[in-house]
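Subject: Structure handover

Hello,

Here is the structure for your group to work with. Please open it alongside this email.

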Amino acid sequence: MTLSMNHPFHNPGGKTMPTSAALLEWYDRHARDLPWRIGPARIAKGVRPDPYRVWLSEIMLQQTTVAAVKAYFRKFTEMWPDIESLASADEQDVLKAWAGLGYYSRARNLKRCADAVVREHAGRFPQTATALRELPGIGDYTSAAIAAIAFGEAVPVVDGNVERVVSRLHRIDTPLPVAKKEIRAKAALMLDPARPGDFAQAMMDLGATLCTPKRPACMHCPVRRMCRALATGDPETFPVKAPRRAKPRRRGAAFVIEHPEKGWMLERRGGSGLLAGMTQVPTTAWTARQDGTTDTSEAPAGVSRWRRCGSIRHVFTHFELELDVHHAVAELPLEAGQWWSASDEIGGEALPTVMKKVLALAIESKLAENS
DNA sequence: AAAGCGTGGTT
DNA sequence: TAACCAAGCTT
């Protein structure tokens, strides 16, 4: 390590309070109260969180906001209160419950991980980050988070919040993701081995509530005296990130087919790639965007009259999609992998948000036409 | 190892 | 509005 000897992070016995102490003192007073969390007061009394709930919340929170996760976390813990019940569930039921939360490979890996823990680890999660890292859906961040929070292992936990906090504290101007190793090393130096879980969550709470991407509340920050980016007056410029690629546009047509008695025609998407294993209405391929609107030449055969409902737009991670929605009432024969879903069943299907938009538009435009 | 993978909120 | 962002993982 090449830290100068008078730097506060390297001087825990000196006049300046170590960063971890200042941070934990703040966390003891300002920790967010979250459904999957045991607060610092109860942790101090020796209470440990349920590893199953820690794991479930961490998977859900990957690239996902706390606000979006809360309702799903409650639903999942009601439906599957422990690892054994989740391991006993059908994958399709897990996907149905996950529908709307996004990044659906997380749900498939969640199920695979539950199976592995029950079958290969006697229903107990491994207690170290290294061992957790071997399980499906658990990478560098999640393995460290579970190990620190649920099992008290003294490992640095580096998520997007910590990257932001550490890159500002040390004014690291190397762009991400190249700077990751350096950030991890700095976080490891700061870590309080007596309270690894609290320390990890304190860093994340700081990043989420004060050390925010825009307009950080530096005046309320417990570690502002140690912050080099604040000292130079430009904390908002950190972390530096590599430029993003442009988002292309794609277009396609979706076909909402309504059986007069049986409901809507649905089908299951393939097992890999975008929205893998999720449910959809029949659609054309989604291809590089062209001008003009799509027609029904690629629609399922046997429909005498299509009604054009309009189009929906949806933004995925790496492209924007515009789907022209067509509706018809028809008694078509079902192909393999298709089924009719009645109106009281369709809410429980594994429909991703883009498909909920398609169905909502078809129903809305039908009602408008009939009124 | 760069790219694929959802969605909703904020600016 | 478009860009950016949120407790990343997989291949």
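Below are the findings, from confidence to the two DNA strands and then the empty spaces.

**Confidence**

This is a predicted model. The mean pLDDT of chain A is 92. Of its residues, 94% reach 70 or more. The stretch to treat separately is residues 1-15, where pLDDT is below 50. Beyond near neighbours in sequence, residues 1-15 have 18 contacts in the model.

**DNA strand C**

There are 26 residues around DNA strand C. Those that come nearest are Glu58, Gly137, Asp159, Asn161 and Arg164. By class, the surface near this strand has 10 nonpolar, 9 polar and 7 charged residues. Three helices each supply at least two of its residues: helix 9 (140-151), helix 10 (160-169) and helix 12 (196-209).

On the DNA side, take the atoms of strand C within 4 Å of the protein. Sugar or phosphate accounts for 66% of them, and bases for the rest.

Individual atom pairs involving DNA strand C include these:

- Thr142: a polar side-chain atom lies 2.7 Å from a phosphate oxygen of DNA strand C.
- Gly160: a backbone N or O atom is 3.2 Å from a phosphate oxygen of DNA strand C.
- Tyr141: an N or O atom of the side chain is 3.4 Å from a base nitrogen of DNA strand C.

**DNA strand B**

DNA strand B has 19 residues around it. Leu275, His314, Thr317, His318 and Thr353 come nearest. The surface near strand B divides into 9 nonpolar, 9 polar and 1 charged residues. Of the atoms of DNA strand B within 4 Å of the protein, 61% are sugar or phosphate, and the rest belong to bases.

Which atoms pair up here? Leu275 places a backbone N or O atom 2.5 Å from a phosphate oxygen of DNA strand B. Two further pairs involve bases. The side chain of Thr64 has an N or O atom 3.0 Å from a base nitrogen of DNA strand B. Leu101 has a backbone N or O atom 3.5 Å from a base nitrogen of DNA strand B. Strand 5 (307-315) and helix 14 (353-370) are the elements that give two or more residues to the surface near DNA strand B.

**Pockets**

How much space lies in the largest pocket? About 1,500 Å³. Its lining has 45 residues, and Leu61, Gln63, Asp159, Gly160 and Asn161 lie nearest the centre. Helix 9, helix 10, helix 11 (180-190) and helix 12 each give two or more residues to the lining. By class, the lining of the largest pocket holds 16 nonpolar, 13 polar and 16 charged residues. Asp159 and Asn161 also appear among the residues that come nearest to DNA strand C.

The second largest pocket holds about 470 Å³ of space. Its lining has 21 residues, and the closest to the centre are Gly102, Tyr103, Tyr104, Leu275 and Phe316. Leu275 is also one of the residues that come nearest to DNA strand B. Helix 7 (105-120), strand 5 and helix 14 each supply at least two residues of this lining. The lining of the second largest pocket divides into 10 nonpolar, 10 polar and 1 charged residues.

**Cavities**

How many cavities of 30 Å³ or more does a search of the whole structure find? It finds 3. The largest cavity has a volume of about 100 Å³. Its lining has 13 residues, with Arg168, Cys211, Cys218, Cys221 and Cys227 closest to the centre. Helix 10 gives the largest share of this lining, 3 residues. By class, the lining of the largest cavity has 11 nonpolar, no polar and 2 charged residues.

The second largest cavity holds about 50 Å³ of space. Trp36, Arg37, Ile38, Pro49, Val54, Ser57, Glu58, Ile149 and Gln201 line it. Helix 3 (residues 51-60) supplies the largest share of that lining, 3 residues. The lining of the second largest cavity splits into 5 nonpolar, 2 polar and 2 charged residues. Glu58 also belongs to the residues that come nearest to DNA strand C.

Best wishes

Note on methods
Residues numbered from 1 in each chain as written. Chains lettered and ligands numbered in written order. Predicted model: local features only at pLDDT ≥ 70, side-chain atom pairs only at ≥ 80, totals over all residues. Heavy atoms only, no water. Near = heavy atom within 4 Å. Polar contact = N/O pair within 3.5 Å; in protein donor to acceptor, adjacent residues only side chain to side chain. Helix = DSSP H or I, 4+ residues; strand = E, 2+ residues; numbered from the N terminus. Nonpolar A, V, L, I, M, F, W, Y, C, P; charged D, E, K, R; others polar. 1 Å grid on protein atoms, 1.4 Å probe; cavity = no way out; pocket = protein on both sides within 12 Å on 5 of 7 lines; lining within 4 Å. Points joined across faces, edges and corners; volume = space filled by probe spheres on them. pLDDT = per-residue confidence, 0-100. Contact = heavy atoms within 4.5 Å.
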